[in-house]
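Hi,

Here is the structure I promised to pass on to you. Have a look at it first, and then read my notes underneath.

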Amino acid sequence: MKQTEILPSETYIHEPEAASKKKKRLSRTARENIIGYLFVSPWLIGFAGLTLGPLIFSLYASFTDYNITSKMNFIGLDNFKRMFTLDDLFWTSLLNTLYYVVFSVPLTTAGAILLALLLNQKVKGMKFFRTIYYLPAVLSGVAVYFLWMQLLSPSTGLVNTVLGWAGIEGPAWLFDPEWTKPALLVMKMWSVGGGMLLYLASLQGVSNEMYEAAELDGASSMQRFFYITAPMISPIIFFDVITSTIGSFQIFQEAYVMTESGNGGPANSLLFYNLHMWNNAFEIFDMGYASAMAWLLFIIVMVLTVLNLKLGKRWVHYEGGDK
Amino acid sequence: MKTALAPRFYETKRFKEKAKGTAVTFLLLLGSIVVLAPLWWMISTSLKSPEEIAQYPPTLIPNDFHFSNYMEAWRTAPFTRWAFNTFFIAACGTLGSVLVNSLVAYSFAKIRFKGRNALFVLVLSTMLIPGFVTMVPQYILFSKLGWLNTYLPLIVPAFLGSAFFIFLLRQFMMTIPNELIEAAYLDGANHLQIWWHIMIPLTKPALITVAIFSFNGAWNDLLGPLLYINDENLYTLQIGLQTFKGTVQTQWHYLMAMSVTVLLPVVLLFFFFQRYFIEGSNISSGTKG
């Protein structure tokens with residue numbers, strides 16, 4: 001990680017010269033300690049009560065048959081055995097989620113970079129274009145899902161109408177198990193402007209001199225991208241890949257809203273991991289099993305994040321050279 | 001003879017740049033249409049009659065404008081109530097988020113306390129924990145506290161800080177000179193006074209960014225109300241809209257009319273406070289401009 005930037009180097013408040021007497025200095029240090037923790041205490045309470053506590057509780061619950069009204073009977077690894085050997089829907093949901101992650105992370109990353117490159121050119125009306133492209137990113141929630149259900153409607157939707165103009169017969173999207181996940185990817189790509197902003201800010205930080213020097217040396221625009229731009233924005237790509245991997249693993253609302261009462265859509269093709277977990281926890285109140293699923297998700301995401309961090313060392317370039 | 005040596009017009013740098021500019025503008029215009037078309041479609045559908053929606057091929061512009069769709073849909077369900085509920089929750093959450101996150105961020109940026117850096121790394125690392133992992137135990141906790149069917153589970157967490165906002169505000173506060181705080185300290189102000197009288201006014205742009213993101217997040221939140229609210233009177237717009245789908249079935253003119261209505265405040269917020277949306281992204285990418 002880029003610790004040098006995240007952590008302050010020497011930004012502490014300097015001790016006033018007047019307070020050089022040992023007694024006074026100690027008292028101020030102690031006061032700073034108390035006040036510091038006091039100010040941070042809301043977050044500490046939240047961390048203990050809403051993150052750490054729940055993590056420990058669900059770890060224990062995952063070895064029980066807890067269903068919110070029952071006692072917590074310890075049943076060992078039964079929940080995990082059931083998950084891996086008896087629950088076919090678990091595998092369906094895991095594979096559906098992996099499918100979505102594998103496509104959505106590269107697509108949104110590449111889309112955001114391309115868009116940022118376009119929006120970093122010097123042409124008229126750029127401010128207007130940036131506003132337009134960013135707009136879908138602030139729109140979210142049920143209304144947007146309804147909109148896309150309408151847009152992707154097989155016969156009268158806008159998407160298939162436009163495809164029809166080009167002589168292409170559009171698929172049934174949300175009604176065809178083969179096309180449900182691509183449908184969600186199309187919807188996701190619409191709001192790719194959200195990620196674009198991060199890249200744009202980073203592109204604007206790349207000095208022009210480097211490009212000019214490269215141009216004088218006869219570098220083509222492709223070469224300029226891969227040897228200057230890509231390394232310079234690699235820390236942002238890295239950050240984006242990590243956060244969007246975690247985010248994609250949590251896909252839930254789209255599937256919940258866009259299928260009949262969250263049933264997973266045609267042939268369970270939209271039964272994502274979290275939807276399956278949700279159904280276990282809040283439809284049949286099998287909290288023990290849902291906790292086991294939650295912990296497995298936690299482990300999967302942690303492993304992927306660590307993997308990303310390790311791989312990142314190989315390709316992420318930090319200005320100044322310290323990795 | 002001389003002219004033959006001069007580069008032809010289409011080979012000059014100026015021409016190349018012009019051509020590139022035109023191509024970029026063309027691509028961007030094309031993309032803008034793709035981005036805006038869904039919104040156009042939503043508005044257009046919301047104004048059509050049900051017969052026209054079912055018509056094939058679909059019309060791009062409604063034959064007749066049925067503005068009454070909006071009033072009819074609004075009256076089909078208690079939308080006024082839901083809008084008020086949503087606004088109340090979002091306003092409370094935003095207040096809590098701005099106050100608490102800036103207080104915590106101030107401590108991380110300007111107060112020298114033991115274990116500060118380690119604690120800050122811990123704050124950042126919580127951003128890597130998927131929310132669904134803690135959802136079930138949080139639900140159990142809030143239900144044991146008797147908070148189901150109240151707004152407490154939706155509002156109280158906003159008063160307990162969020163890692164992303166703490167990070168964003170801290171980065172901004174780091175740019176404020178320590179001498180300013182030190183001077184106030186020597187004048188006898190305590191940290192609470194410095195935070196309130198100096199830090200808050202100086203970090204106003206970042207605080208507005210946090211306020212907008214919080215409000216937007218609360219306005220669009222479906223998961224929270226879905227988990228904790230059962231009573232229809234306490235519904236928010238998101239969950240209200242979701243159940244509205246069941247009530248009106250496939251009456252798309254009503255569904256689209258209400259979707260437009262629910263999105264409208266967010267769109268307005270965006271157009272009025274655009275630069276703060278952008279500022280937020282810039283701070284978090286580490287290139288605060």
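Below is what I found, going from confidence to chain A and then to the contacts between the chains.

Please keep in mind that this is a predicted model. Its scores are ipTM 0.89 and pTM 0.89. For chain B, the average pLDDT is 90, and 93% of the residues reach at least 70. A general caution for the rest: where pLDDT is low, the predicted coordinates should not be read in detail.

Chain A comes with a UniProt annotation from an unreviewed entry, which marks "transmembrane region" at residues 34-63, 98-119, 131-148, 183-204, 225-252 and 287-307. I looked at two of these spans in the model. Residues 34-63 of chain A are 93% helix and 0% strand, with 40 Å between the end C-alpha atoms. Residues 131-148 of chain A are 83% helix, again with 0% strand, and their end C-alpha atoms lie 21 Å apart.

The domain assignment splits chain A into domain 1 (3-61) and domain 2 (78-315). Taken over C-alpha atoms, the centres of domain 1 and domain 2 of chain A are 36 Å apart.

Now to the two chains together: 74 residues of chain A are in contact with 81 residues of chain B. On the chain B side, helix H2 (residues 13-46) gives the largest share, with 14 residues. Sorted by class, that side of chain B has 50 nonpolar residues, 25 polar ones and six charged ones.

Happy to talk any of this through once you have had a look.

Best wishes

Notes
Residues are numbered from 1 along each chain as its sequence is written. Chains are lettered from A and ligands numbered from 1 in the order in which they are written. This is a predicted model: local features need pLDDT of at least 70, side-chain atom pairs count only at pLDDT 80 or more; totals for chains, interfaces and linings use all residues. UniProt positions are given in the numbering used here, feature names are shortened, and annotations may be inferred rather than shown by experiment. Helices (H or I, at least four residues) and strands (E, at least two) are DSSP runs, numbered from the N terminus. Domain bounds come from an automatic or database domain assignment. Two residues are in contact if their C-beta atoms, placed from the backbone, lie within 7 Å. Ala, Val, Leu, Ile, Met, Phe, Trp, Tyr, Cys and Pro count as nonpolar, Asp, Glu, Lys and Arg as charged, and the others, Gly among them, as polar. pLDDT is the predictor's confidence in each residue, from 0 to 100.
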